[in-house]
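Student: Please take me through one part of this model closely. Start with the whole chain, then zoom in.

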Amino acid sequence: MLGKRRVYCLIIVFLALFSVASPSWANTELKQAERFVDVTDDHWAKNEIDFLANEQIINGYLVGQTSEFRPARPVTRAEAAKMIVSALGQTEWEDENLPFEDIPEKHWARGWIARAVQLGVMGGDGTANFRPNDSLSRAEMSIVLVNAFSLASKGAAVEEAAIFEDTEGHWALRHINRLYYHGIANGRDGKFFPKDAISRAEFATLLARTMNDQFRLPEPDLIEQGKTNVQGIVTASLLNVRQSPSTTSTVVGKLSKGQVVNVYDINGYWAKIAYNDQFAYVYKVYLKLQNVSGSPIDGRIIVVDAGHGGKDPGSLSNGANEKDVVLEVAKLLKGKLEKAGATVVMTRETDVYPTLQDRVDIAKNNYAEMFVSIHTNSATNTSAKGAEVYYDSSTNPNAEESKKLAQYIQEEIVRMANMVDRGVKNSGLYVLRNNSVTSVLVELGFISNAEDRAKLTSAEYQNIYAEAIYQGIVKYYTSQ
């Protein structure tokens with residue numbers, strides 16, 4: 001009978017109760033003898049385990065008259081669900097429709113798991129199972145802690161660069177990096193071991209650090225360690241540097257035209273930079289963004305505008321119409337840009353008619369960094385032929401950059417499509433003068449000219465036109 005009682009004691013499940021952390025926890029610390037016999041005074045996680053136990057976050061395994069924490073034992077997914085849900089001040093949720101086949105109605109953690117799923121903190125394994133008794137991996141732990149405690153981002157550009165050699169390209173990279181930059185996890189020997197099960201001692205340590213700043217590691221110097229692949233060249237005469245990403249934020253300095261800054265993150269129209277050893281923000285419209293390595297257009301937001309469309313056919317000649325030609329070229333250009341990593345926004349991809357203001361609004365609403373409008377020309381004199389590219393200097397603040405882009409595109413079209421060179425021209429066309437980013441309008445050729453029209457309506461040449469515009473854009477982004 002005594003043997004059976006001991007067995008029953010040994011199989012008591014791990015229980016976890018969460019309460020709000022008290023800043024004076026140390027003043028009510030229980031004696032170690034009343035805690036866990038297997039967590040000695042010199043145990044590396046003693047303080048964090050004491051903190052969680054003192055807050056009634058964890059209870060150990062009762063063995064006879066003593067309690068064991070079993071710090072090396074992995075934390076299960078069911079245990080983690082209970083702890084995290086309680087941490088959020090929530091209770092069990094009796095969800096009769098819990099979709100996991102491996103969570104029977106009598107499972108001790110069913111209500112906690114249901115609540116964790118409802119809160120979006122945890123989920124299944126992509127099948128009909130939750131795997132409640134499986135250990136929680138270190139990668140899964142990073143997802144759970146970041147989501148449950150809403151740990152703020154330190155910047156997308158920073159979080160995309162692997163800190164640990166075994167997390168490059170890992171699905172949990174951003175969450176792992178967020179724990180690192182918040183002083184919660186620092187790995188071991190340059191590795192994070194994302195697939196490994198996390199022990200109870202490790203989980204206690206990371207949980208305590210997440211809950212209470214006094215346990216956190218020194219936060220890394222983001223300016224020194226934050227990696228970025230993007231630099232910005234100032235295109236305005238003077239560019240305000242602001243304390244936060246808002247036009248009403250305090251101006252902390254100014255940048256001059258031609259200055260180069262490292263960009264740590266981009267949020268909407270705001271670029272996060274390092275200024276006087278602090279993070280600050282500038283309006284990205286006045287930066288020419290360039291990648292330090294890799295594809296020069298990777299990540300760039302480029303609007304491709306196929307002119308006319310729908311009720312507006314554009315120029316017509318001998319059965320050819322402008323709206324169809326430019327749409328084909330635009331779609332081919334989109335494919336080339338996206339293959340190189342750009343984010344491409346089309347003003348239209350079918351035979352519809354966005355107004356001129358619609359096209360401008362699409363660029364602004366998508367935080368565009370470049371606007372390229374594609375058209376064909378027409379003239380009553382059928383001998384007129386050749387390509388030309390327009391930019392605007394009347395109101396567009398990036399007139400100089402627009403002119404550069406126009407020149408690169410014009411050069412490539414003339415060279416690759418063997419077009420007559422009509423040059424680049426300054427004109428206050430609506431979609432150019434009402435945009436503030438680098439903007440051009442490309443006239444591929446004259447649909448009214450037989451020689452040009454033969455090229456414009458040729459699938460081969462439509463691809464050549466798209467490639468020429470693409471190459472012009474690449475040259476723009478690789479030039480100083």
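Student: What share of the contacts in the protein chain with a separation of 6 or more comes from residues 24 or more positions apart? Then please look closely at helix α8.

Tutor: The share is 73%. Contact means heavy atoms within 4.5 Å. Two ground rules come next. This is a predicted model, so local features need pLDDT of at least 70 and side-chain atom pairs count only at pLDDT 80 or more, while totals for chains, interfaces and linings use all residues. Residues are numbered from 1 along each chain as its sequence is written, and side-chain values use heavy atoms, with hydrogens and water left out.

Now the frame around your helix. The protein chain has 15 helices and 17 strands. These are DSSP runs numbered from the N terminus: helices are H or I with at least four residues, strands are E with at least two. The radius of gyration is 31 Å, well over the 23 Å of the globule rule for 480 residues, so the chain is more spread out than a compact globule. That radius is taken over C-alpha atoms, and the rule is 2.2 Å times the number of residues to the power 0.38. The C-alpha atoms fill a box of roughly 110 × 50 × 35 Å along the principal axes. Of the 480 residues, 51% count as buried. Buried means under 20% relative accessible area, exposed over 50%, and partly exposed in between, with a 1.4 Å probe and protein chains only.

Zoom in on α8. This helix runs over residues 200–211. Its 12 residues should span 16 Å at 1.5 Å a residue, and its end C-alpha atoms are 16 Å apart, which agrees. The expected span is 1.5 Å times one less than the number of residues.

Is α8 enclosed or open? 10 of its 12 residues are buried, so α8 is largely enclosed by the rest of the structure. Among them are Phe203, Leu206 and Leu207. Arg200 and Arg209 are buried too. An α-helix has 3.6 residues a turn, so residues three or four places apart point the same way.

What does α8 pack against? Its buried residues pack against three helices, α2 (46–54), α3 (77–87) and α5 (138–149), and against strand β1 (61–63).

Compare a single residue in another helix. Alanine 330 sits in α10, residues 322–339. Alanine 330 is buried, with a relative accessible area of 0%. Beyond its neighbours within four places in sequence, alanine 330 is in contact with Val304, Ala306, Met346 and Ile374.
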